[in-house]
Amino acid sequence: MRLGFALACALLLTPVLALAEPAPELRVISEHPVDGMRGGNLSGLAQCGKDLWTVSDRDDDQIYRLDTSNPTWQAETVGIGVPPVPDTGLPWGLRSRTWVASFVRGGDLDFEGITCDSAGNRYIVSEGHAAVLLVPPTGPASWLKISPMLVREARASGMLLQFNALFEGLAINPAGDQIWFAAERQSRGLLTIKRKQTVWDCDGGCVLLSEAGMEMQPPQFPHARPVNRDFSDLSLFNGKLFTLERNAYQICRRDPLTAKVERCWSYAAELLQENRRYTQNYGLEEALIIDADGAWIGVDNNFGPRADGEVRPVVWRFAAPEGGWSAKP
């Protein structure tokens, strides 16, 4: 009887142990400090054709094209004329706190992500207003007309309730008619809207995922402890959604229709090496691009020095995992 009981326990525990297996580690192949960002705080990355673009959550009037011809990258300023922000349905209390905070830190719009479609249009998400700014290759910038159902459904599902924990990243499909959003934390989530005739709206529902709770920091983190689950950026590649999960130091591939996790990869072994550590007690990576050859990950260190004294924003190039990003577990 004891043997039978032990076997039964082993069978019950097998799937739990399988889920607990560590994610395979990604490998850094280059590191690039970024000069020339007035506000620092690199908070998003996008690739439009051959050009890399970034934004700072402290700059409302400009974005940056990255000159990547040298190991240290140079951020080249591109001014944007931003029209008045539309009402997206975000409560006045959250919007007013962002406005007050902007006097201390700068950045009322709080740009937290940038993405591009195949036509070269750049889309920038404002966390402070839960709005999306369209910056075309030529012509003036404009705000997308987004149905208030996006914010309404997000809040009804437990997202967008905390100050400074709203939309932290976005991704758009090449055709430029569907956008995915990452809600940062407490609760974190994934949402999507599609372009209709006159407005961007939910298509049978905006919310793909709403998830609360805590998870352990990776064992490489000094004094690892449970922290809030979070998303800090999104990237769409080969029809799959990739989430940057900074508190867990991992990238996860997800189904774009259901947000279900298909596979994850860790970058903790590389970015938590002693010389690359920052003093903050949480993850700082806020920018992600996935492509066939690897991943770009950028850090928003808020001018805080890391262990080797580097205070500039840094972007790392990671090699693609063995078998590529479509590999099965």
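The exercises below, each with a worked solution, concern a predicted model.

**Exercise 1. The eight-stranded sheet**

Work out in which order the eight strands of the open sheet are arranged, and which strands stand at its edges.

Solution. Begin with the order of the eight strands, which reads 2-3-4-5-1-23-22-21 across the open sheet, and add that the pairing is mixed. Next, look at the two ends of this order, where strand 2 (42-48) and strand 21 (285-291) each have a single partner strand, so that one side of each is left without a neighbour in the sheet. Neighbouring strands of this sheet are, on average, turned by 30° against each other when direction is ignored. Finally, take one pair from the order as an example: strand 1 (residues 28-35) and strand 23 (residues 314-319) run in the antiparallel sense and are joined over five bridges. Within strand 23, R317 is the bridge partner of S30.

**Exercise 2. The four-stranded sheet and its hairpins**

Describe the open sheet of four strands, and then follow strand 7 to its partners, strand 6 and strand 8.

Solution. The order in this open sheet is 6-7-8-9, and the pairing is antiparallel. Strand 6 (111-116) and strand 9 (142-143) are the edge strands, since each of them pairs on one side only.

Now turn to strand 6 and strand 7, which pair in the antiparallel sense over five bridges, with T115 standing opposite Y123 in strand 7. These two strands form a hairpin with five residues between them, and in the turn G120 has a positive phi of about 90°.

The next step leads to strand 8 (residues 131-135), which pairs with strand 7 (residues 122-126), again in the antiparallel sense and over five bridges. Two of the bridge partners in strand 8 can be named: L133 for I124, and A131 for S126. Strand 7 and strand 8 also form a hairpin, here with four residues between them, and A130 in the turn has a positive phi of about 50°.

**Exercise 3. The surroundings of strand 7**

Decide how many residues of strand 7 are buried, and which of them point one way and which the other way.

Solution. First count the covered positions: five of the five residues of strand 7 are buried. Then sort them by direction, which places R122, I124 and S126 on one side and Y123 and V125 on the other, with all of them buried.

**Exercise 4. The disulfides**

Find how many disulfides the whole structure holds, and state the handedness of the links C48 to C116, C202 to C206 and C252 to C264.

Solution. A search of the whole structure gives three disulfides, and a disulfide is a covalent bond between the sulfur atoms of two cysteines. When the bonded cysteines are counted along the chain, the pattern is 1-2, 3-4, 5-6.

Take C48 and C116 to begin with, a disulfide with an S to S distance of 1.7 Å. The torsion about this S-S bond is about -55°, so the disulfide is left-handed. C48 lies in strand 2 and C116 in strand 6, 68 residues apart, and the pair thus links distant parts of the chain. To judge burial, use the cut-off of under 20% relative accessible area: C48, at 13% relative accessibility, counts as buried, and C116, at 12%, counts as buried too.

Continue with C202 and C206, whose sulfur atoms are 1.6 Å apart. Their link has -80° about the S-S bond and is left-handed, and both cysteines are buried.

Last come C252 and C264, with sulfur atoms 1.9 Å apart. Here the value about the S-S bond is 105° and the link is right-handed. C252 belongs to strand 19 (residues 250-254) and C264 to strand 20 (residues 261-266), twelve residues apart, and both C252 and C264 are buried.

Methods:
Residues are numbered from 1 along each chain as its sequence is written. This is a predicted model: local features need pLDDT of at least 70, side-chain atom pairs count only at pLDDT 80 or more; totals for chains, interfaces and linings use all residues. Side-chain values use heavy atoms; hydrogens and water are left out. Two strands pair if DSSP finds at least two bridges between them. Axes are lines fitted to C-alpha atoms, for helices over the stretch in contact, and angles run from 0 to 180 degrees between N-to-C directions. A disulfide is a pair of cysteine sulfur atoms within 2.5 Å. Buried means under 20% relative accessible area, exposed over 50%, partly exposed in between (1.4 Å probe, protein chains only).
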